[in-house]
Amino acid sequence: MANILLVDDEEPVRALLKRGLELDGHAVTTAENGSDALEALSEPDVAFDLLVTDIRMPIMDGIALALSAKRERPDLTILLMTGYAEQRERARNLDAIVTDVLTKPFSLSDIREAVAKALAR
């Protein structure tokens with residue numbers, strides 16, 4: 001299955017999503033903010049297939065992370081998550097680099113389905 005980098009500043013959300021994605025056989029690495037995620041992406045011997053990131057986070061938000069990640073790894077598939085309408089609006093102009101934007105709250109089956117679709121593209 002896929003190697004996924006999951007980024008969210010809320011530990012309970014990270015833990016729940018990690019467990020859910022691992023049920024589908026994915027290897028999931030977590031980070032709590034965009035800065036930590038960029039460090040994980042820069043590891044030379046780790047290749048991620050998918051970046052799943054919340055948009056609203058401290059230090060570096062998910063949009064800045066998506067832009068930086070795509071510059072470093074152009075083939076990386078990116079899926080955004082947000083619970084804020086204004087953040088979803090900010091992501092509208094990112095269609096060229098972002099596969100989808102999931103609106104919180106969503107179910108575990110919703111994220112698993114979105115990840116499957118993103119990886120199938």
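Is the crossing of α1 and α5 left-handed or right-handed? In this predicted model, the crossing is right-handed.

To see this, select helix α1 (residues 11-23) together with helix α5 (residues 108-120); their axes come within 10 Å and cross at roughly 55°. Angles from 35 to 65 degrees fall in the oblique class, so α1 is oblique to α5. Next, display the side chains at this contact: Leu 16, Leu 17, Gly 20, Leu 21 and Leu 23 on α1, and Leu 108, Ile 111, Arg 112 and Val 115 on α5. By class, the residues of this contact comprise seven nonpolar, one polar and one charged.

Move now to α2 and α3, whose axes lie 10 Å apart at an angle of about 15°. The two helices are therefore roughly parallel to each other, and α2 passes α3 in a right-handed crossing. Select Gly 34, Ala 37, Leu 38 and Leu 41 in α2, which meet Leu 65, Ser 68 and Ala 69 in α3. Here the contact residues divide into five nonpolar and two polar, with no charged residue.

Then turn to the largest nonpolar core, which has 22 residues. Select Leu 5, Val 7, Leu 51 and Leu 80, the residues with the most contacts inside this core. Colouring by element shows the contributors: β1 (3-7), α2 (34-41), α3 (62-72) and β4 (77-82) each supply at least two residues. Of the elements, α3 gives the most, with four residues.

Finally, select Leu 79, Ala 114, Val 115 and Ala 118, which are among the 16 residues of a second, separate core. Val 115 also belongs to the contact of α5 with α1.

Technical notes
Residues numbered from 1 in each chain as written. Predicted model: local features only at pLDDT ≥ 70, side-chain atom pairs only at ≥ 80, totals over all residues. Heavy atoms only, no water. Axes fitted to C-alpha atoms, helices over the stretch in contact; angles between N-to-C directions. Parallel < 35°, antiparallel > 145°, perpendicular 65-115°, else oblique. Left-handed = near helix turned anticlockwise from the far one by under 90°. Contact = heavy atoms within 4.5 Å. Nonpolar A, V, L, I, M, F, W, Y, C, P; charged D, E, K, R; others polar. Core = buried A, V, L, I, M, F, W, Y, C linked by side-chain atoms within 4.5 Å. Buried < 20%, exposed > 50% of the residue type's maximum accessible area, 1.4 Å probe, protein only.
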